[in-house]
Amino acid sequence: MKILFFCPSKFNLKSEKNNSLGGVESLNLSLSKNLANKGLKITLATDCKKIIKKKNLINVPVSKILSKKKEYHFDYIISSNEPYIFNYFENSKKIFWMHNTLALEKAFRKKKLKSLLFNNVTSIFVSKYLKKITSRLYFFNNQLIIPNFLTHDFLSDKFNIKRKKIVVWSVQRDKGLKETINMWINHVYPNNKKLKFYIFGINKKKIYKLKKFYLNYNIFFFGRVTKKHLKKVYNISSMMICLGYDETFCLNALEANSCGLPVVTFGKTALKEMIKHNKNGFVVNNFEEMALYLNKFFDLNKSSLKKYVVNSIKHSRRFNIDKITNQWIKLLK
């Protein structure tokens with residue numbers, strides 16, 4: 001069985017250690033490698049400069065796939081968010097791997113609608129939430145939910161019970177960050193001056209100009225870092241803040257859970273499925289309530305804190321990459 005993963009972004013098989021690699025790119029890399037390791041013949045088409053081969057996996061530039069399509073045959077095409085590739089291979093079965101929202105107006109404007117409507121497409125949604133908000137007017141041949149997964153980097157049988165008083169933010173979008181910082185300064189830091197707030201992924205200059213001011217409240221900005229570095233921080237921290245305004249899955253929250261971090265969130269979008277209140281995190285209604293739970297959490301005894309660490313890790317193991325890969329294999333075979 002020959003399978004094409006189509007992800008026309010700038011990365012290749014050697015990009016895993018690149019700290020600018022996005023979630024969709026990481027998922028395509030990991031899933032294509034895992035399927036190749038299980039014996040399937042995989043081609044990964046990306047915006048790369050040259051062909052890279054590794055056992056059953058070959059990484060080919062998108063331009064070569066499009067310009068020399070007669071040289072290729074695929075039983076399945078799995079495309080992430082970009083359906084135009086379906087028009088090039090009439091006899092292949094088409095799977096549209098939906099990671100993001102796609103409004104009808106946007107699909108029409110970006111000329112995606114025709115590719116979706118006339119190619120007998122099966123759609124894979126990464127969450128119930130994403131499926132729910134996607135228009136039924138796309139008339140997909142079939143609609144399934146296969147969640148995202150933890151890569152091998154975040155899978156471990158070992159975990160640390162002893163935690164430092166560190167709360168983490170690692171969402172690269174800054175929506176709600178200003179309000180979160182105000183909450184921290186006015187309602188969290190005054191009650192626990194040893195508590196630290198680590199913010200990753202935000203690189204805006206206006207924030208760095210106020211860096212010294214924020215240090216007065218134990219707020220630290222680290223910019224974008226590698227997954228390896230994030231994992232080290234997660235493994236010694238106590239909690240993650242992830243508001244969840246526009247998450248179709250939220251890999252950040254899952255990775256935090258895998259390292260024993262409960263997640264405090266508003267429970268909007270896909271985080272409503274991911275975080276179970278008082279189990280692997282806390283679902284709150286507003287910033288005032290968030291501050292209340294933060295303060296209460298750091299007053300808990302060691303036994304109670306251990307419960308949240310264990311619950312978070314246990315929940316994350318449902319999304320082991322090998323378990324999710326088996327769902328893909330079942331679909332393909």
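## Close-up views of a pocket and two cavities

**View 1. The second largest pocket has a volume of about 350 Å³.** Of its 19 lining residues, five are closest to the centre: Ile161, Lys162, Arg163, Lys302 and Leu305. The model shown here is predicted.

**View 2. Helix H13 contributes most to the lining of the second largest pocket.** This helix spans residues 302–316. It supplies five residues to the lining. By class, the pocket lining has seven nonpolar and seven charged residues. Five polar residues complete the list.

**View 3. The largest cavity holds about 90 Å³ of space.** The count for this predicted model comes to two cavities of 30 Å³ or more. Residues from two parts of the numbering line the largest cavity. Trp169, Val171, Arg173 and Lys175 are among them. Ile241, Cys242, Leu243, Gly244, Tyr245, Asp246 and Glu247 also belong to this lining. Six of the lining residues are nonpolar, four are charged and one is polar. Which residue is the polar one? Gly244, since Gly counts as polar here.

**View 4. The second largest cavity holds about 60 Å³ of space.** Its lining includes Phe154, Ser156, Lys158 and Phe159. Lys231, Asn235, Ser258 and Cys259 line this cavity too. Ile313 and Arg317 complete the set. By class, four lining residues are nonpolar, three are polar and three are charged. The nonpolar ones are Phe154, Phe159, Cys259 and Ile313.

Technical notes: Residues numbered from 1 in each chain as written. Predicted model: local features only at pLDDT ≥ 70, side-chain atom pairs only at ≥ 80, totals over all residues. Heavy atoms only, no water. 1 Å grid on protein atoms, 1.4 Å probe; cavity = no way out; pocket = protein on both sides within 12 Å on 5 of 7 lines; lining within 4 Å. Points joined across faces, edges and corners; volume = space filled by probe spheres on them. Helix = DSSP H or I, 4+ residues; strand = E, 2+ residues; numbered from the N terminus.
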